[in-house]
Number of protein chains: 2
Amino acid sequence: MFRFRTAGRLLVAAVAISSQALAQMPQRQPTPNDTLKTPQVLPGNRVAIKIFAPKASEVMVSGDFLGGAKPLSLTKNEQGVWSVTTEPLKPDYYTYTLTVDGVRTADPKNPTIKQGISSLENVMVVTGNETAFEDNRPVPHGEVRQVWYQSGTLGMPRRMHVYTPPGYEKSSAKYPVFYLLHGGGDDDSGWNTIGRAGFILDNLIAAGKAKPMIVVMPNGSMPPPSTTGAPNQSQAMSRMRTLFADELLKDVMPLVEKSYRTLANRENRAIAGLSMGGFQTLDLTLGHPELFNYVGVFSSGFFGSSIDEAETTYARGLQDANFNKGKKLFWIEIGKDDFVMDANKKTLALLDKHQIKYQYRETDGGHTWINWRQYLNEFTPNLFR
Amino acid sequence: MFRFRTAGRLLVAAVAISSQALAQMPQRQPTPNDTLKTPQVLPGNRVAIKIFAPKASEVMVSGDFLGGAKPLSLTKNEQGVWSVTTEPLKPDYYTYTLTVDGVRTADPKNPTIKQGISSLENVMVVTGNETAFEDNRPVPHGEVRQVWYQSGTLGMPRRMHVYTPPGYEKSSAKYPVFYLLHGGGDDDSGWNTIGRAGFILDNLIAAGKAKPMIVVMPNGSMPPPSTTGAPNQSQAMSRMRTLFADELLKDVMPLVEKSYRTLANRENRAIAGLSMGGFQTLDLTLGHPELFNYVGVFSSGFFGSSIDEAETTYARGLQDANFNKGKKLFWIEIGKDDFVMDANKKTLALLDKHQIKYQYRETDGGHTWINWRQYLNEFTPNLFR
């Protein structure tokens with residue numbers, strides 16, 4: 001692989017090119033793109049975002065760094081470089097998406113991305129004390145494994161990410177398991193990349209704030225139906241939760257308990273998820289109260305019409321006299337600006353109606369990874385105690 | 001995370017949105033982008049590549065699927081969708097890069113990318129018998145671990161990918177180790193993603209063609225120098241190979257041998273690399289002939305001025321009377337159209353001069369992942385026998 005860079009820069013590519021080949025390559029005119037540095041954190045934690053797009057008429061940027069505000073317009077200089085500077089940002093990991101004349105454009109100068117099931121976002125970082133909990137620090141690190149398996153439920157290969165804690169390799173001990181579920185649009189890499197889960201766990205464990213544990217991050221995104229004819233929302237959600245529950249219970253969990261040294265009982269099993277993953281968590285918690293003693297629901301609830309059916313669907317769990325006894329933790333957290341607040345409130349009302357006990361926390365902010373990383377950091381120390 | 005899709009499609013996003021929120025969202029006009037399917041494999045293994053860019057004047061696509069031919073122009077239809085159809089492609093995994101009015105643009109409808117250290121490329125697949133060796137098949141799978149460590153050599157956190165074979169978790173056996181190095185511009189994820197290394201190993205092992213082994217894929221890209229003042233090419237390469245060798249020998253190898261159940265001797269150690277990784281392989285092989293009995297050099301040689309210094313730099317290795325005896329395999333493979341052929345030929349001449357024995361294979365094609373996956377598939381069965 002080679003890339004031609006202007007002379008005077010470290011010729012990374014030079015080591016992959018014979019000098020003869022180098023002499024043969026046509027001399028390209030340098031452009032502002034060659035030396036463009038973006039995103040660039042400025043004093044005061046503003047971030048300059050730039051893109052060289054000399055022929056474009058309009059460039060916008062959206063992302064969670066905007067805190068819910070509308071997308072920003074970039075302005076072009078005479079060299080064809082578009083730029084905008086953000087407001088001062090609280091130190092954190094942020095995602096952003098550029099749009100150039102209506103075309104979603106991954107920042108050509110920033111290869112750090114968040115992988116989604118149908119699109120990418122770029123990632124930028126402002127570091128500070130506030131990011132200590134999620135930074136890559138010189139503490140013992142666990143390992144995050146990519147694990148492929150043939151799903152009997154779905155009849156296809158599927159992947160999950162599995163975090164094993166520092167010391168796992170050389171130990172003979174067994175560990176509790178935390179099933180951590182992502183949201184709609186993401187895949188099994190989400191929690192460990194934009195969610196910083198591996199680093200958050202490493203830091204908590206190093207500080208003695210969390211027990212060493214295995215964290216299983218399955219793929220919660222289900223393949224679309226093979227039959228034509230669009231299901232309605234209710235059918236879609238029902239299909240999704242049923243497939244997910246089947247895959248988790250029949251494929252993922254048995255594989256995890258067979259492959260790793262786990263303590264395979266309810267006292268040593270936790271489940272939490274964000275958004276769609278929170279919905280899946282509620283589904284598994286109320287559908288299978290005997291499986292998990294520790295439950296976390298982030299930015300979620302029974303969405304849409306599922307709340308109307310929930311009382312019937314989960315009658316057994318809701319009426320289970322031992323439900324509360326069997327839960328060391330049932331934690332429900334959401335941001336006050338979250339657009340799923342309505343579903344969340346209705347879900348709490350349903351739980352209250354059936355005297356299901358839970359801890360509720362309401363934070364600032366909304367439906368963002370900014371909140372979900374914080375929630376993971378707060379929730380995890382409570383597990384397996 | 002939510003995405004608004006046209007009614008009648010599976011509302012993946014619906015599960016993350018309360019119906020109230022859904023009702024509140026502004027109705028966006030559907031665009032051709034919503035239903036665009038790309039890349040699309042057509043009968044006869046042509047691939048249609050499309051992008052919705054209604055305001056653009058010029059859209060090009062480059063990539064290894066072109067087999068060295070120049071980039072293709074896409075043409076626009078009245079709806080603003082640009083498209084081009086490739087020649088019939090041999091089944092394989094290919095990379096491509098779109099450029100819209102001079103702006104490198106990751107395909108907004110294809111989230112499958114190859115991660116580089118400074119840029120991304122898109123990946124498209126044409127499957128067939130020819131891809132069986134690298135496909136994700138229903139055979140036992142190993143695990144690919146992302147491992148972070150604090151590098152004493154570089155004074156910073158570094159990451160590597162480590163493949164452990166099927167059965168590793170539940171075994172108590174020790175395994176041989178294959179150090180597999182990527183090229184310039186890539187990182188430690190390269191071999192396992194675009195290089196399909198995990199699947200290639202899974203398939204070889206399942207077929208009994210390769211011994212179960214651990215494959216360590218370190219990050220061969222070194223950070224740029226912290227001092228200003230650009231080094232010349234010779235200094236840059238010398239710095240790079242020295243840093244890499246130090247990090248491999250002082251950080252990576254001891255960590256691997258401490259963390260995993262390895263057979264830690266020369267008979268059970270292999271090293272191979274492509275391009276810059278091949279250069280690093282040559283450097284370590286001639287610099288440390290006592291470490292590896294199995295060596296592979298893909299599409300590489302002593303680049304640029306390093307060939308002139310090699311006789312001195314590697315005097316000890318080149319003159320080692322036991323060098324050949326200590327090598328079960330010294331395999332050098334390159335495509336006949338490879339632009340590093342000149343460096344390769346000079347390297348072979350140097351080895352010949354010192355009666356260093358090696359197996360040389362020349363294939364079709366050039367400096368591409370297309371070749372490197374094939375080379376890995378051919379090379380690996382020879383290891384540890």
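Which residues of α6(A) meet which residues of α8(A)? From α6(A) come A:Ile307, A:Ala310 and A:Glu311, and they meet A:Lys346, A:Thr347, A:Leu350 and A:Lys353 in α8(A). Contact here means heavy atoms within 4.5 Å, and helices (H or I, at least four residues) and strands (E, at least two) are DSSP runs, numbered from the N terminus. Sorted by class, that α6(A)–α8(A) contact has three nonpolar, one polar and three charged residues. The classes go like this: Ala, Val, Leu, Ile, Met, Phe, Trp, Tyr, Cys and Pro are nonpolar, Asp, Glu, Lys and Arg are charged, and the others, Gly among them, are polar.

Before going on, a word on ground rules. This is a predicted model, in which local features need pLDDT of at least 70 and side-chain atom pairs count only at pLDDT 80 or more, while totals for chains, interfaces and linings use all residues. Residues are numbered from 1 along each chain as its sequence is written, chains are lettered from A and ligands numbered from 1 in the order in which they are written, and side-chain values use heavy atoms, with hydrogens and water left out.

**Helix pairs**

Two packed helices are described by the angle between their axes and the distance between the axes. Axes are lines fitted to C-alpha atoms, for helices over the stretch in contact, and angles run from 0 to 180 degrees between N-to-C directions.

| Helix pair | Angle | Axis distance |
|---|---|---|
| α6 (306–313) and α8 (341–353) of chain A | about 20 degrees | 10 Å |
| α4 (233–259) and α5 (276–287) of chain A | about 70 degrees | 10 Å |
| α3 (197–206) and α9 (369–379) of chain B | roughly 30 degrees | within 10 Å |

With axes at about 20 degrees, α6(A) is therefore roughly parallel to α8(A). The labels follow the angle: under 35 degrees is roughly parallel, over 145 roughly antiparallel, 65 to 115 roughly perpendicular and the rest oblique. The crossing of α6(A) and α8(A) is right-handed, meaning that the near helix is turned clockwise from the far one by less than a right angle (anticlockwise would be left-handed).

Next, α4(A) and α5(A) pack at about 70 degrees, so α4(A) is roughly perpendicular to α5(A). Their crossing is right-handed. On the α4(A) side, the contact uses A:Met237, A:Met240, A:Arg241, A:Phe244, A:Ala245, A:Leu248 and A:Leu249, and α5(A) brings A:Met276, A:Phe279, A:Gln280, A:Asp283 and A:Leu284. That adds up to nine nonpolar, one polar and two charged residues.

Over in chain B, the axes of α3(B) and α9(B) cross at roughly 30 degrees, so α3(B) is roughly parallel to α9(B). This crossing is right-handed. B:Ala197, B:Ile200 and B:Leu204 in α3(B) meet B:Arg373, B:Leu376 and B:Asn377 in α9(B), a set with four nonpolar, one polar and one charged residues.

**How the two chains relate**

Two copies of a chain are related by a rotation about an axis and a shift along it. Chain B lands on chain A with an RMSD of 0.0 Å after a turn of 180 degrees and a shift of 0.0 Å along the axis, which means a two-fold axis relates them. The fit is by least squares on the C-alpha atoms of residues with pLDDT of at least 70 in both copies. B:Arg145 is the residue of chain B that comes closest to the rotation axis, at 2.0 Å (C-alpha). Both copies use the same surface, with 99% of the contact residues of chain B recurring in chain A.

**Backbone oddities**

The A:Thr38 to A:Pro39 peptide bond is cis, with omega near -5 degrees, and A:Pro39 is in the loop between α2 (32–35) and β1 (40–41) of chain A. In chain B, the bond from B:Thr38 to B:Pro39 is cis with omega near -10 degrees. A:Asn45, in the loop between β1 and β2 (47–52) of chain A, has a positive phi near 65 degrees and is not a glycine.
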